[in-house]
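Let's go through the interfaces in this model and ask what stands behind each label. Have a look at the structure first.

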Amino acid sequence: MNRGIATRNSGLSVHIDGVSRRYGRVTAVADVSLQVAAGEFLSLLGPSGSGKTTLLMMLAGFEQPDEGRLLVGDRDLTHVAPNKRGIAMVFQRYALFPHMTVAENIAFPLRTRGIGRAERDEKIRNALAMVKLDEYAARKPAELSGGQQQRVALARAIVFDPPVILMDEPLGALDKKLRQHMQVELKQLQRRLGATVIYVTHDQEEALTMSDRVAVMNHGRLVQLGFPRELYDRPADPFVADFIGDMNLLPGTITAASGSACTIQLDGGLAFGIAPHPLVAGAAARVAIRPEHVVLSPARAGAPGLQGRLTQTVFNGGTTVILVELPGGTMLHASVGTRSEQAALQPGAPVVASWAPDQAIVFSGFAPPA
Amino acid sequence: MTTTGRATAFRGQLSLPLTLLLIAPLVALLAWTFFLPIGRLLLTSVTEPTPSLDNYRRLLTEPLHLRVMLRTLLIAFGCTVSALLLGYPVAALMARPGRFWPKLTAICVLVPLWTSALVRSYAWIALIGRRGVINTALIDAGLIAQPLNMLYTSAAVLVGMTHILLPFMVLPIFSALLSLPADLPRAAANLGAGRVRTFLTIVLPLSLPGVFAGCLLVFVMALGFYITPALLGGPRTLMIATLISQQATEALDWPFAGAISTVLLLMSVGLTVAFRRVLRLDRVVAHD
Ligand SMILES: Nc1ncnc2c1ncn2[C@@H]1O[C@H](COP(=O)(O)OP(=O)(O)O)[C@@H](O)[C@H]1O
Ligand SMILES: [Mg+2]
């Protein structure tokens, strides 16, 4: 019963090997190397201008790398024309052909491949069913909503069974509710197709929820590649720590270090943490601690931790965020259960903040507060 | 957004009385110097020498005049076709990404527009006349013994008019190509289309509004073109505008000149209306 694209063969691996691209003095992509497994859903995550689109354009063949190679499966695509690459791309603004109907748009990649009428119609029907647009075959793109146009773009990209699908912020133009809905559908569709997906987004939540692995980019460089959990729990540098999820980054000075465990003097007291790179006493450093890992208690004389004063509680639904001002003026965020004792603390109350040492990551190389 | 969408942004910003006041001077000037004399000329075509349609009967039954009208239509059509064939690639070059070539092309298209058609027609005489640049060069090179007859032929009129009308073809096509999102040809390539297929199935259909606008402009302007056919054409390449001028200034038959003018006007307006129909149909495919 499941004929056509529903039972397609699986995706191909993608190998990005030392790729760079410069525009004049701007280095858009700087020596990026990355292996994407066949059938994997990999997100390229980074702020605007970090080189995500440029990297995707090079994979699609619209930009030439200055250095490096691009392989799909074991085929070197570096110098292959865009129309000969056989990998699909979903554009941010959909790029539907406005003078063609939905069905004609989806037929386009089949025509270029010389697929006959009967097979074409069958594949178009299947693709439309996959994106739940069966009724809309005869419409023009202008007669569809943004979400529907997005689905047509998707159908057009999957209809020719591409082993790799590139997506450049495909949900960026949709409102939040629709975006979350499409995230789930996209992910299910990818699982069913088995295609390799490289997905560009600047939305870290989207990247964490959808991806098998996430590649974080900044200033054209690949700063960390890992599973979503890894990025969240073990960010490799302060940029990733700050970019993914909510994070306190507190400046201080190392007072003692043995192996990766270290003690650090912060605004308001001594704290503990784990350093990914060896540090020496006296070095400037920053402690990264998630708000949900901060333990707050009413101040008691001699209690270990950072002494501070509660300034504000922000109700957030299931959780409440508590803002604590440390003596030097540094702000610390703590996230607690809305029904917990801490959430009942009043502004102005003196509090002590602490955490389990293995929850805090210590990064070097930052000037301590004056 | 289409240009129509942009045009509406300013709509309704000025009150109606103010709008009328602002256009009043122009309307008065046009009424006094343009519509009134033209209206009177056209009117004489049915009132003089006697109130009848005799002038029109004469125009439509004399083979000489019919031939002039047919020739005018043919030359205008030829101009349109050659301007389209020559102009589309130029517009495409102008709309390319990058700086150098688009800028250079734009200059080459626009600068002649600032030179009078009279000067440019004389330039053609200097070029293709019996003792013109081309004949002299060919004779000096020993390629021909006698000068070629190029001037005062239909071909000379066609070439000269195409040259002068070319910018009016290039600019609307350029504008249509410029408003084509760069993602569309890229999407086509990504989906497996080569350059030719991308052009034929995506770029060309989406630039058709510009093509239609350019063709209409060139055709209508060519219908009533005066200077170039008068200078580059001979007695056997008489066109409508020249005929009108002859009737008015040599034969002093103003009513008949008025009749010819009316026919020319009707042809131009009729064509514009017909083209607008096509153009409106095309709006349906207008891209975001
Ligand atoms: N065609 C181009 N010409 C010049 N600079 C460009 C071009 N494309 C991208 N850049 C620059 O390269 C950098 C990366 O851009 P881009 O890949 O679009 O980032 P992202 O998609 O992550 O927002 C930016 O600084 C951008 O200005
Ligand atoms: Mg981008």
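Q: How many residue pairs are in polar contact across the interface of chain A and chain B?
A: The rule finds 5 such pairs, both residues at pLDDT 80 or more. To count, a pair of N or O atoms must lie within 3.5 Å; within protein, one must be able to donate a hydrogen and the other to accept it, and residues adjacent in sequence count only if both atoms are side-chain atoms. A word on the ground rules: this is a predicted model, where local features need pLDDT of at least 70, side-chain atom pairs count only at pLDDT 80 or more, and totals for chains, interfaces and linings use all residues. Residues are numbered from 1 along each chain as its sequence is written, chains are lettered from A and ligands numbered from 1 in the order in which they are written, and side-chain values use heavy atoms, with hydrogens and water left out.

Q: What do the elements of chain A give to the side that touches chain B?
A: Strand S6 (88-90) and helix H2 (102-112) of chain A are the elements that give two or more residues. These are DSSP runs numbered from the N terminus, helices being H or I with at least four residues and strands E with at least two. H2(A) has the largest share, at 4 residues.

Q: What makes residues of chain A and chain B count as in contact?
A: Contact means heavy atoms within 4.5 Å, and on that basis 23 residues of chain A are in contact with 20 residues of chain B.

Q: What does "bury" mean for chain A and chain B, and how much do they bury?
A: Buried area is the accessible area (1.4 Å probe) that two parts lose on being put together, summed over both. Here that comes to about 1,900 Å², 65% of it on carbon and sulfur atoms. Asn83(A), Pro98(A) and His99(A) supply 28% of the area that chain A buries against chain B, more than any other three residues.

Q: How many salt bridges are there between chain A and chain B?
A: The count is 0; a salt bridge would need a side-chain nitrogen of Lys or Arg within 4 Å of a carboxyl oxygen of Asp or Glu.

Q: Where do the domains of chain A lie?
A: Domain 1 is 14-240 and domain 2 is 246-364, with bounds from an automatic or database domain assignment. Their centres, taken over C-alpha atoms, are 40 Å apart. Each domain puts 8 residues into the contact.
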